[in-house]
Amino acid sequence: MDPSERRDLAASPTHRPAGAALAALPTVAELLEEPAFRAGLPEVVVGGPALEAPVRWVHTSERADIARMLEGSELLLSMGTAWPGDDAALTLFVESLAEAGIAALALELGTRYAAPPPAVVDAARRHGLALVLLHRETRFVALTEAGHHRIIAGQMAALRARDEVREVFTSLALRGAPADHVVRELARALGAPVVLESLAHEALIAEIPTGAELAVLGDWERRSRAAHREPRDDEGWLVVPVDARGKRWGSLVALPGPAHPAGRANVLGQGAIALALGRLSDGGRDEWAALARRHVLDPLLAGRFATREAMAARLEAAGVPVADRLLYGIALRGGEPSPTEIEAWALGIGGRARALATTGRTGGPLTVVLLSMPAHRPLDDAATAALQRALRDSARVGVTVGHEAHEVDAATLSLHEAIDNAGEAAAGTVLWVDRRPLARLLSGLRDDHRLLDHGERVLSPIVEHDQRTGGDLQRVLRAALGHPGNRTAAARAAHLSRSVFYQRLELIEGLLGVDLEDGETQTALHIALLSRPGARD
């Protein structure tokens, strides 16, 4: 075969790893640290970023036309015996090597050259091609053997790593692991933040080190869209679609992190396959949406965020704007309100919301909502009436609205106000905590030990009576205090006849040793009732 034809031969896949496999290749700098290379006393004449080029093969040649027989990413060893004799030809020679994409040129001094030709140095520097001088005579076979051993060992390690990654994520898919667990495993494997986002570039599930939320999620939508437009880069943001059978659900995004022996893109791709299999077996349930709501609201409710700015970044990235917005905490008790219909209601009134079905203070079902409204459009009675109309079983649902907030900490308090007072909202009604100043005050003091101690001391006789007899004295007392001066309305609220209601009041007065007609006593008892954990749920 004529040597001129070799440049057109298809490259061997064994010798030409591409994409993720390049992560397993040694760099020029790493090969120069091998003992066989160090024995040649290497001197880097042109280095810098060029030394980070991956080397896929070590080749030896003295020919001046060797470039057309190379495939790229080789480290070329030469003594220069057949190199051109004039500067112009030497420049063209180096340029042809750079055009062929070799990783580095290593020239052994002593056979033809005592020093590198200036034309070679200038051309290598101009084209960013690593140029290395070997000052001691070295057997090139020892260099190629050492280089190939390192390359093949890296490829074998990459293959083993890929097998391990595939096994891990296949196992997760077969076990039906939830999406947040898959994302967590991806972040652990890559040593970098990983985000599962929707088609609208909303961060649904984000696995991020504590304290890094603002750096990772700040201005997420714009940065994500830019990353989708740019070519995939193993050293920067990686974006892999989550799709199957022609349907796409979202994308996985990995932020910059350390190299992985299996290739970062390959690891992220295996995670995307596991997530896609999970969606195919979802049976119509939108597991991602439920997990996304929990990943946003759970940290907010539990205070598990480093700074308000970090939590605001998480909310903004999830599609709940915070800056220059009005925020409301809402709790719905009774019935079976759907988070989907609540979020649709929010869109209908010009807002954005995340709703989460959870449990109240006493273990009963409760749906909590964080609502974000434009600054010029505060939540009002007309909007809450629209919410009641949007609920399928609104007649069974009591709605409690916390105070208006302008930043994350205040929004957290608003949520807790709504949760704490959810039990006060009768089915089919809306209770605004702002219109109940005492309830709002006590919500802000709900963890104060003095308030809790007051509730325990004042009410313990009737609490113990109810526990011992299965009675309803706390409910009766609540009804009486909720309708001061109107015993008929109080009896109706307690679902008792007037005569039975009066009997209960007499029993309460006897157990507590108080006069329920006394105004100060009524205030003390009302505070005690509202301060008991779960009493308003």
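## Report on a predicted protein chain

Of the 537 residues in the protein chain, 50% count as buried. The model is predicted. This report starts with the overall chain, then turns to one helix, the aromatic rings and a few single residues.

**Overall form**

The protein chain has 20 helices and 14 strands. Its radius of gyration is 35 Å, well over the 24 Å that the globule rule gives for 537 residues, so the chain is more spread out than a compact globule. The C-alpha trace spans about 120 × 45 × 45 Å along its principal axes.

Now take the contacts with a separation of 6 or more. Residues 24 or more positions apart account for 69% of them. As for the surface, the protein chain exposes about 24900 Å². Carbon and sulfur atoms supply 52% of that area.

**Helix α4**

Helix α4 covers residues 118-127. Which of its residues are buried? They are Ala119, Val120, Val121, Ala123 and Ala124. An α-helix has 3.6 residues a turn, so residues three or four places apart point the same way. What covers the buried residues of α4? The cover includes the strands β1 (42-46), β4 (104-108) and β5 (130-134), along with helix α3. Just after α4 comes Gly128, with a positive phi of about 65 degrees.

**Aromatic rings**

The structure holds four aromatic pairs. One of them joins Trp83 and Phe93: the ring centres are 5.0 Å apart and the planes stand at 50 degrees, so the pair is tilted. Trp83 lies in the loop between β3 (74-78) and α3 (87-100), while Phe93 is in helix α3, so the pair ties together parts that are ten residues apart in sequence. Both Trp83 and Phe93 are buried.

Phe501 and Tyr502 form another aromatic pair, and this one is edge-to-face. Their centres are 6.5 Å apart, with 65 degrees between the planes. Are the two partners buried or exposed? Phe501 is buried, with a relative accessible area of 0%. Tyr502 counts as partly exposed, at 31% relative accessibility.

Trp83 and Phe93 also belong to a cluster. Together with Tyr113 they form one aromatic cluster.

A ring can have a charged partner too. The charged end of Arg279 sits over the ring of Trp288, 4.7 Å from the ring centre.

**Three loop residues**

The table lists three residues found in loops, with the relative accessible area of each.

| Residue | Loop between | Relative accessible area | Class |
|---|---|---|---|
| Asp219 | α7 (213-217) and α8 (220-229) | 44% | partly exposed |
| Arg245 | β8 (238-244) and β9 | 78% | exposed |
| His260 | β9 (247-254) and α9 (264-280) | 13% | buried |

What is the phi of Asp219? It is near 55 degrees, a positive value in a residue other than glycine. Arg245 is not a glycine either, yet it has a positive phi of about 55 degrees.

Which atom does the side chain of His260 reach? It reaches the backbone nitrogen of Ala262, at 3.0 Å. Why does His260 count as buried? Its relative accessibility is 13%, and buried means under 20%. Arg245 passes the other cut-off: its 78% is set against a limit of over 50% for exposed residues.

Note on methods
Residues numbered from 1 in each chain as written. Predicted model: local features only at pLDDT ≥ 70, side-chain atom pairs only at ≥ 80, totals over all residues. Heavy atoms only, no water. Phe/Tyr/Trp six-rings, centres within 6.5 Å; stacked < 30°, edge-to-face > 60°. Helix = DSSP H or I, 4+ residues; strand = E, 2+ residues; numbered from the N terminus. Buried < 20%, exposed > 50% of the residue type's maximum accessible area, 1.4 Å probe, protein only. Lys NZ or Arg CZ within 6 Å of the ring centre and 35° of its normal. Polar contact = N/O pair within 3.5 Å; in protein donor to acceptor, adjacent residues only side chain to side chain. Rg over C-alpha atoms; globule rule 2.2 N^0.38 Å. Contact = heavy atoms within 4.5 Å. Areas by Shrake-Rupley, 256 points an atom, 1.4 Å probe, with all protein chains shown as cover.
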